[in-house]
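Dear colleague,

I am handing over the structure we spoke about, and below it I have set down what was found in it. Please read the notes with the coordinates open beside you.

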Amino acid sequence: MPGGEHSRRRIGTARSSNKIAIDLAPLRTSRDFRTLFLARTISVFGIGFLVVALPIQVYQRTGSTAMVAAVATVIGISAFAGTLLGGTAADHYDRRAVIVASRAAATLGFALLAVNAMLPDPRLWIIFGCAVIDGLTGGISETALVAAVPGLIPPDKLAAGAALMALTADLGSMAAPALAGLLIAWVDIAANYWLAAGASLVTTVLIARLGPMIAERGHDESPIRAALSGFRFAAGHRIVGATLLVGCVTMLLSGWNVLVPEYVTEVLHGGEATAGLLFAAPAVGAVLGSLTSGWTGSIRRGGRVIFVATLVSAAGIVGAGLVGATVAVFAGLAAHGAGRVVSDIARFAVVQAGTPDAFRGRVSGLWTAQLTLALSLGSVVAGVVSSAVPTRAVFLVYGAGGCLLAVLLWCVLATLRNLDDSATVAR
């Protein structure tokens, strides 16, 4: 009997662990999803070098946080336009071809940034031009990729697929920013851009090897009409629309990286290596959140999970500014990343479960627009906060605004707050 009791305890512990650990079933059962997972991990790893190199290069040349925010804004606006184009294209053309074409163009843009950085006097206008290319291609490819994922895995594995795709982004962006700061200190900024270009090239080749990814029913509308019909669907869906609205908090909080260069210089008195470490902090928290996301596949109150995780994300930024020490900033930004990724996983599952495949490209365009326009909108908000309050207080004020907005939406969006799994497809 004691042996049997011990065996039952071990089984119970294993089942509990399985509910916590990330669900790897999509990787085991779908070859195409495995390829997509690998390609996106490599792509985001390369982009991790880019997102550190760009703000540091611009700040070094101009000494202006506002100019850093301006470049980020250009990327965000261009990416927003890319999501609209990509959403319509993903519902009309082969999603694989859309991804391949956009990643190939991105590779050329990254290479141009590298060549420009190697000039004796790098041109700021070239940086802005490449920011447009980066934004457009990123918005198009990400939208088509998000629309393609649900067709590669079973409907009951949407949360697991979302967690794994989030993990691709966070694994790449966790190590790359820290390495990018060291690479800038030891070599130069151009090396970061060359690495980004190489990673994008590998991604392009991997995606090209996949099979066709065509929507179940393509639309015959003009691009503008198709985009408008997708927007009307999302806005008229009580759950999908509310879920996308909560994503506005994530958008506003996405400009934290604009604050890092000045905060590191003025408050922490650090250099490029410290900045790279802090750029990587949210990804560290996000990876931990993804790896322990197994429970998200069985949640019934998805709306509450979305709200709580969003609030944790905002509170993490508040925590980053409480002490003014590198360790505290790192911990706060890591908590921000953990809350953000759980919110993303839950929101992705809710949105995709409520969206027919014929609309997935365009709704995925709205989803991706939030992620891409977030960089622009969040950077503008962060820039305003930076200019209005002392440097030491920027993270406190910025995060507090996110907390207030999350609480307000909790009070207003009762349908999403009370959501259970049987209501996901309700209008």
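The structure holds 7 salt bridges, and since this is a predicted model, please take the distances that follow as values computed from predicted coordinates. In one of these bridges the side chains of Arg-40 and Glu-142 meet at 2.7 Å, N to O. Arg-40 belongs to helix H3 (residues 31-62) and Glu-142 to helix H6 (residues 124-148), so this pair ties together parts that are 102 residues apart in sequence. Both partners, Arg-40 and Glu-142, are buried.

A further bridge joins the side chains of Arg-61 and Asp-121, with an N to O distance of 2.8 Å. This pair, too, links distant parts of the chain, with Arg-61 in helix H3 and Asp-121 in the loop between helix H5 (95-117) and H6, 60 residues apart. Arg-61 has a relative accessible area of 40% and therefore counts as partly exposed, and Asp-121, with 42%, is likewise partly exposed. Arg-61 and Asp-121 also belong, together with Arg-123, to a network of linked salt bridges.

The bridge between Asp-344 and Arg-340, at 3.3 Å from N to O, sits within one element: both residues lie in helix H14 (residues 326-353), 4 residues apart, which is about one turn of the helix. Are these two residues buried or partly exposed? Asp-344 counts as buried because its relative accessibility is 11%, under the 20% limit for that class, whereas Arg-340, with a relative accessible area of 21%, is partly exposed.

Turning to the fold as a whole, the protein chain contains 17 helices and 0 strands. Of its 427 residues, 55% count as buried, and its accessible surface comes to about 17400 Å², of which 68% belongs to carbon and sulfur atoms. If one takes the contacts with a separation of 6 or more, residues 24 or more positions apart account for 86% of them.

The largest nonpolar core has 105 residues, and the members that touch the most other members are Tyr-193, Phe-395 and Leu-416. Not counting residues up to four places away in sequence, Phe-395 touches several residues, including Trp-256, Leu-259, Val-260, Tyr-263, Ile-317 and Leu-333. There is also a second, separate core of 6 residues, among them Phe-233, Val-240, Val-351 and Val-363.

Three threonines were looked at individually. Thr-204 is placed in helix H8 (residues 189-208), where it is buried, with a relative accessible area of 11%. The side chain of Thr-204 reaches the backbone oxygen of Ser-200 at 2.9 Å, and, leaving aside neighbours within four places in sequence, Thr-204 is in contact with Val-100, Arg-103, Ala-104 and Thr-107.

Thr-143 is found in helix H6 and is buried, with a relative accessible area of 0%. A polar atom of the Thr-143 side chain lies 2.8 Å from the backbone oxygen of Gly-139. Thr-143 and Ala-369 are 226 residues apart in sequence, while their C-alpha atoms are 8.2 Å apart in space.

Thr-292, by contrast, has its place in the loop between helix H12 (272-291) and helix H13 (302-320), and with a relative accessible area of 38% it is partly exposed. From Thr-292 to Ala-163 the C-alpha to C-alpha distance is 9.4 Å, across 129 residues of sequence.

Finally, a word on confidence. The protein chain averages a pLDDT of 79, and 81% of the residues score at least 70. Among the elements, helix H16 (residues 394-412) has the highest mean pLDDT, 91, and helix H1 (residues 2-20) the lowest, 47. Over residues 6-18 the pLDDT is below 50, and beyond near neighbours in sequence this stretch has 1 contact in the model. Residues 422-427 also stay under 50 in pLDDT, though for them the model has 16 contacts beyond four places in sequence.

With kind regards

Terms used:
Residues numbered from 1 in each chain as written. Predicted model: local features only at pLDDT ≥ 70, side-chain atom pairs only at ≥ 80, totals over all residues. Heavy atoms only, no water. Helix = DSSP H or I, 4+ residues; strand = E, 2+ residues; numbered from the N terminus. Buried < 20%, exposed > 50% of the residue type's maximum accessible area, 1.4 Å probe, protein only. Polar contact = N/O pair within 3.5 Å; in protein donor to acceptor, adjacent residues only side chain to side chain. Contact = heavy atoms within 4.5 Å. Core = buried A, V, L, I, M, F, W, Y, C linked by side-chain atoms within 4.5 Å. Areas by Shrake-Rupley, 256 points an atom, 1.4 Å probe, with all protein chains shown as cover. pLDDT = per-residue confidence, 0-100. Salt bridge = Lys/Arg side-chain N within 4 Å of Asp/Glu carboxyl O.
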